Amino acid sequence: MVSHLLLHLDTHKSMGPDGIHPRVLRKLVEVLTKPLSIIYQHSCLNGKVPLDWKLANVTSIYKKGQKENLGNYRPVSLTSVPGKIMEQIILSAITQHVQDNQVIRPSQHGFMKGKSCLTNLISFYDKVTCSVDEGKAVHVVYLDFSKAFDTVSHSILLEKLAAHGLEGCMLCWVNNWLDGWAQRVVVNGVTSS
């Protein structure tokens, strides 16, 4: 899995605070797979996340419009590429657990592979048109929870994961990953304290 993830790194993405560029990781996949696998296994078994993986460089990316207008930039948080690979491994394990135990209903579209706002709208439209065709009244309330994941209580999330059978070192790793992040702003190569 580590080898596969390294081989499929996007070499056009930026490096994180550790200075390790995805291109380097991808080119050295044969040399790095085993040591990274050992580090990832150790991290997972001990439920500990290296502090380097929990540091983010925040930089601004130009969106559109006049470059002089600061409102035309958006902040981007760059984190360690090896840390992101570990996140993908953990995400894959949790997703597999959730699917195997049928924790998430088929009607769930957010954060699900192969599903999106578009698939949600298609499903919704299909149900509405079927109801209208049958002569039924349809009342709709649609809510968009902007930045919903950013406002989720970590303790409630961990309780729900535990209630659905996620346990041991995996739960400990997620708890450790959620806690203790640090950010610093980077402008023209200069970092904030």
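Let's start with the sheet: in this predicted model, four strands make an open sheet, and its order is E2-E1-E3-E4. The pairing in that sheet is mixed. Now, which strands stand at the edges? They are E2, residues 73–78, and E4, residues 190–191. Each has a single partner strand, so one side of each is left without a neighbour in the sheet.

Let's stay with E2 for a moment. Strand E1, covering residues 55–62, runs antiparallel to E2, and six bridges join the two. If you'd like one pair to find on your screens, take Thr59, whose bridge partner in E2 is Val76.

E2 also leads us to the surface, by way of Arg74, which lies in that strand. Is Arg74 buried or partly exposed? With a relative accessible area of 44%, Arg74 is partly exposed. Arg74 belongs to a patch of positive charge on the surface, where it gathers with Lys13, Lys63, Lys64 and Lys84.

There's a second patch I'd like to show you, and this one is nonpolar. Which residues make it? Leu121, Val132, Val138, Val140 and Tyr142 do, and the patch comes to about 420 Å². Please look at Val138 in particular: you'll find it in the loop between helix H5, residues 117–133, and helix H6, residues 154–163. Val138 has a relative accessible area of 34%, so we call it partly exposed.

So, to recap for your own browsing: E2 is an edge strand of the sheet, Arg74 in E2 is part of the positive patch, and Val138 in the H5–H6 loop is part of the nonpolar one. Thanks, everyone!

How values were computed: Residues are numbered from 1 along each chain as its sequence is written. This is a predicted model: local features need pLDDT of at least 70, side-chain atom pairs count only at pLDDT 80 or more; totals for chains, interfaces and linings use all residues. Side-chain values use heavy atoms; hydrogens and water are left out. Two strands pair if DSSP finds at least two bridges between them. Patches are made of residues with over 30% relative accessible area and no salt bridge: like charges are joined within 9 Å, nonpolar side chains (Val, Leu, Ile, Met, Phe, Trp, Tyr) within 5 Å. Accessible areas come from the Shrake-Rupley method with a 1.4 Å probe; for residues, only the protein chains shown count as cover. A salt bridge is a side-chain nitrogen of Lys or Arg within 4 Å of a carboxyl oxygen of Asp or Glu. Lys and Arg count as positive and Asp and Glu as negative; His and the chain ends are not counted. The place of a charge is taken as NZ of Lys, CZ of Arg, CG of Asp or CD of Glu. Buried means under 20% relative accessible area, exposed over 50%, partly exposed in between (1.4 Å probe, protein chains only).
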